[in-house]
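Open the structure in your viewer and set it to a cartoon view with side chains available on demand. The stops below say what to select and what is there.

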Amino acid sequence: MQSYLDKYKKPVLSAKSFRAPKHDPKVTIAIGLIRKASNQRQGSIFFASDSQTTYGAAKRVNENKIAVVDFADAQVLVAMADCVELGDRTVEIMREKAKSVPLENKETAVKIAQESLREVHAHLLDWDAGHIGDLEKFFWSQHPLNLLIGYYFQREPLLYTLGIYRGIYTQVRSFEAIGGGAMLAYSLLKDYSEADPDFEYGYPAAIAVVEKTIDN
């Protein structure tokens, strides 16, 4: 998927979801990385994810875990891992909030994502009021959701992480992984970054990391 963010010299947001292999993947994974700018090119953002979600005992292998959110003057990629149902709802709220909002500064989009996630967080607390014993367990293991938010501001590629448990967004300078396979994927990304610090070959690296994480 390619999303073009301005009508002149257009930076590219690149994302890819992968079909499940013949065996059943045991994890969910989404990654984001930034290819740094050079004299020959602008900086770029690459997202990749697997395509499996689990609903109770049932599995779906054709889910799109990377969504596009349209702002008034920009497009934002949101990748989700863990509870995709909550992620889908967060994206719905985010789209409603964002449609008439321009990017006034580098944190405009991620703050909209944070506000949208806060609404989902508050709904869960209200819905289960009186039945929550351990908030950490409730949001960490029973209703987990982690997001990657990527976009451009004044041609600068920006990448953030945001999770439902703490609700604090953190800027990512190079690469990040979320989901059950995050530890392995992060280790693989680190290996790639040591060989290619600017992620000149960021697109094939993103593909390889997700495929290796699924396989292992």
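The model on screen is a predicted one.

**Stop 1: strand 4**

Select residues 44-50, which make up strand 4. Are these residues buried or exposed? Of the 7 residues, 7 are buried, so strand 4 is largely enclosed by the rest of the structure. In a regular strand, side chains alternate between the two faces of the sheet. Show the side chains to follow this here: S44, F46, A48 and D50 lie on one side, while I45, F47 and S49 lie on the other. Both faces are covered.

**Stop 2: strand 3 and its two partners**

Add residues 30-35, which form strand 3. Strands of a sheet pair through backbone hydrogen bonds, in a parallel or an antiparallel way. Strand 3 and strand 4 are antiparallel, with 6 bridges between them. To find one of these bridges, pick G32 and look across to F47 in strand 4, its bridge partner.

Strand 3 also pairs with strand 12, again antiparallel, through 4 bridges. Pick L33 and look for F175, its bridge partner in strand 12. Because 5 of its 6 residues are buried, strand 3 is largely enclosed by the rest of the structure.

**Stop 3: aromatic pairs**

How many aromatic pairs does the structure hold? There are 5. Start with F46 and Y203, whose rings form a tilted pair, 5.9 Å centre to centre with 50° between the planes. F46 belongs to strand 4 and Y203 to helix 5, so the pair ties together parts that are 157 residues apart in sequence. F46 is buried, at a relative accessible area of 7%. Y203 is partly exposed, at 35%.

Next select F175 and F199, an edge-to-face pair with ring centres 6.0 Å apart and planes at 85°. F175 sits in strand 12 (residues 175-178), and F199 is in the loop between helix 4 and helix 5, 24 residues apart. The cut-off for a buried residue is under 20% relative accessible area. F175, at 12%, therefore counts as buried, and F199 counts as buried at 1%.

Then select Y151, Y160 and Y169, which ring pairs link into a cluster.

**Stop 4: the five-stranded sheet**

Keep Y151 selected and show strand 9 (residues 145-153) with strand 10 (residues 156-163). These two strands pair in the antiparallel sense over 8 bridges. Y151 has L158 of strand 10 as its bridge partner.

Widen the view to the open sheet of 5 strands, where the order is 7-8-9-10-11 and the pairing antiparallel. Which strands stand at the edges? They are strand 7 (66-70) and strand 11 (170-171); each has a single partner strand, so one side of each is left without a neighbour in the sheet.

**Stop 5: helices 1 and 5**

Select residues 84-98 for helix 1. At 1.5 Å a residue, its 15 residues should span 21 Å, and the end C-alpha atoms are 20 Å apart, which agrees. Colour V84, L86, G87, T90, V91, I93, M94 and A98 to mark the buried residues of this helix.

Helix 5 has 14 residues and reaches 20 Å from its first C-alpha to its last, close to the 20 Å expected. Among its buried residues are G202, A205, A206 and A208. V209, V210, T213 and I214 are buried in helix 5 as well.

**Stop 6: salt bridges**

Side chains of opposite charge can pair when their charged atoms come close. The count of salt bridges here is 5. Return to strand 4 and pick D50, whose side chain meets that of K65 at 2.9 Å, N to O. D50 is in strand 4 and K65 in the loop between strand 6 and strand 7, so the pair ties together parts 15 residues apart in sequence. Both D50 and K65 are buried.

Now select K99 and E96, which form a salt bridge at 3.0 Å, N to O. K99 counts as exposed, at 52% relative accessibility.

Finish with K97 and E119, where the closest N and O atoms of the salt bridge are 2.9 Å apart. This pair links helix 1, which holds K97, to helix 2 (residues 108-127), which holds E119, 22 residues apart. K97 counts as partly exposed at 26% relative accessibility, and E119 counts as partly exposed at 39%.

Terms used. Residues are numbered from 1 along each chain as its sequence is written. This is a predicted model: local features need pLDDT of at least 70, side-chain atom pairs count only at pLDDT 80 or more; totals for chains, interfaces and linings use all residues. Side-chain values use heavy atoms; hydrogens and water are left out. Buried means under 20% relative accessible area, exposed over 50%, partly exposed in between (1.4 Å probe, protein chains only). Two strands pair if DSSP finds at least two bridges between them. The expected span of a helix is 1.5 Å times one less than its number of residues. Rings of Phe, Tyr and Trp (its six-membered ring) pair if their centres lie within 6.5 Å; planes under 30 degrees apart count as stacked, over 60 as edge-to-face and the rest as tilted. A salt bridge is a side-chain nitrogen of Lys or Arg within 4 Å of a carboxyl oxygen of Asp or Glu.
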